[in-house]
Amino acid sequence: MISNNPEIEKVILFAVDLDDGQCVEDNLDELEELVKTAGAIVAGRLIQKKERIDNATYLGSGKVMELQMLVAEYEATGIVCDDELSPMQLTNLGQAIDAKVLDRTMIILDIFAGRANTREGKIQVELAQLRYRSSHLIGMRSSMSRLGGGIGTRGPGEKKLEIDRRVIRDRISQLSHELDDVKQHRDVMRKQRMQGNIPIVSIVGYTNAGKSTLLNHLTDAGVLEEDKLFATLDPTSRNYKLSNGQEIIITDTVGFIKKLPHHLINAFRSTLEEAKYADIILHVVDISNPHADEQMIVVYDTLRSLGVTDKPIVTAFNKIDKLADVPVIKDLSADCVVQISAKHEIGFTDLSEALADIINKGQTYIERVIPYSEANLLNRIHKFGTLLEEEYRDNGIFVRAYVDASIGIDN
């Protein structure tokens, strides 16, 4: 019987340990998760301690030979570097090793190509891939010529796009115009949300921290939940009512990761910048991950690179249900810290109160009687403020509330 199932690719991971404080084994563990998400399996790994990366082959000549031996021993179809390889390194490794040569950037781009569902997401991914390929044409030609499919070839590769600088340049120009149109639409939608005077909370966090799970359990958003890196790419916004009655908009977007390709950041900038226009940042951290503190640093570095600064931050340490004892991890960058389990809806009241407290700090406290002829103001308080008390009196409706100055209600 002939099987129609495609053969699962086997790859060897490799990296250079520069003794610069980075834990290479941990980086390769994460790279292995990326490779699994892309649909391949890891057959082995190789690490070389060096003072500097070899400009020609990344690894030293002896380790390149050792890598070729590992490929032969495990019958691997490819090798994957934890760093982004230069065109020269791609070319030389492709000539020295009888396997497809990939790097971390190519794996991440490949995952994004497989996960993009919306028109905007597909344009952003293809644009990032083409910009990467444009700068790596020579190296990719030699390293990818052996195998026509599999990881590293999704996206524009499926369209049999000719690898040619002129064709790629024209396609990049076309996609850039299309993305500008989509961005204008996103800007209009964003302005409408902001003009609605409803506080906007942007969920950010390391990939697989539980952002989509949190959004689903708060709002029934129906976003895909998977225990995989980059399970969701497309931003989702949903309305949510806090425990005090305050209505907010919660927006989720793509997760962050170490060494997030700059081509991807540039292509997804309009999506990632949702956090830039939010009133509050909700930073979700997987507290069960032993590298939670390092992941927090990556998130804050990425936010700074996007110009997301001076925003109130609530950090939600998620997945406490996975731990017998929750470790003490502080977040000095946050205005407030709560412990939650998004999956089991633990700590949601604390989270709601923390968000409400921050919103109230930006509002004005009022006590006044609203004439019945102006009863529509009560509806605005209900929608855009926090109503603490209302009492119907002969001369009108007495209210105590926190309101935003922009809705035109004062004492």
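Lys319 counts as buried in this predicted model, its relative accessibility being 12%. Its side chain takes part in a salt bridge with Asp286, where the closest N and O atoms are 3.4 Å apart. The two residues come from distant parts of the chain, 33 residues apart. Lys319 sits in the loop between β9 (313–318) and β10 (336–339), while Asp286 belongs to strand β8 (residues 280–286). Asp286 is also buried, at 8% relative accessibility, because the cut-off for that class is under 20%.

This pair belongs to a set of 17 salt bridges in the structure. Another joins Glu9 to Lys100, with 3.1 Å between the closest N and O atoms. Glu9 lies in the segment before β1 (10–17) and Lys100 in strand β4 (residues 100–103), so this salt bridge ties together parts that are 91 residues apart in sequence. Both ends are shielded: Glu9 is buried with a relative accessible area of 12%, and Lys100 is buried with a relative accessible area of 0%.

A further salt bridge connects the side chains of Arg45 and Glu32, at 3.0 Å from N to O. Arg45 is in strand β2 (residues 41–49) and Glu32 in helix α1 (residues 24–38), so the pair ties together parts that are 13 residues apart in sequence. Arg45 counts as partly exposed, with a relative accessibility of 27%. Arg45 and Glu32 are also members of a network built from salt bridges that share partners; Glu25, Asp29, Glu33 and Lys36 belong to it as well.

The three salt bridges described here are set out below.

| Salt bridge | Closest N to O distance |
|---|---|
| Lys319 and Asp286 | 3.4 Å |
| Glu9 and Lys100 | 3.1 Å |
| Arg45 and Glu32 | 3.0 Å |

The nonpolar side chains form another part of the picture. In soluble globular proteins, nonpolar side chains tend to be buried together. The largest nonpolar core here has 71 residues, and within it Phe14 and Phe230 touch the most other members. Leaving aside residues up to four places away in sequence, Phe230 touches Leu34, Ile108, Ile111, Phe112 and Arg115, and also Thr207, Val254, Gly255, Ile257 and Leu260. A second core, separate from that one, contains 26 residues, among them Ala221, Ile250, Val314 and Ala356.

Technical notes
Residues numbered from 1 in each chain as written. Predicted model: local features only at pLDDT ≥ 70, side-chain atom pairs only at ≥ 80, totals over all residues. Heavy atoms only, no water. Core = buried A, V, L, I, M, F, W, Y, C linked by side-chain atoms within 4.5 Å. Buried < 20%, exposed > 50% of the residue type's maximum accessible area, 1.4 Å probe, protein only. Contact = heavy atoms within 4.5 Å. Salt bridge = Lys/Arg side-chain N within 4 Å of Asp/Glu carboxyl O. Helix = DSSP H or I, 4+ residues; strand = E, 2+ residues; numbered from the N terminus.
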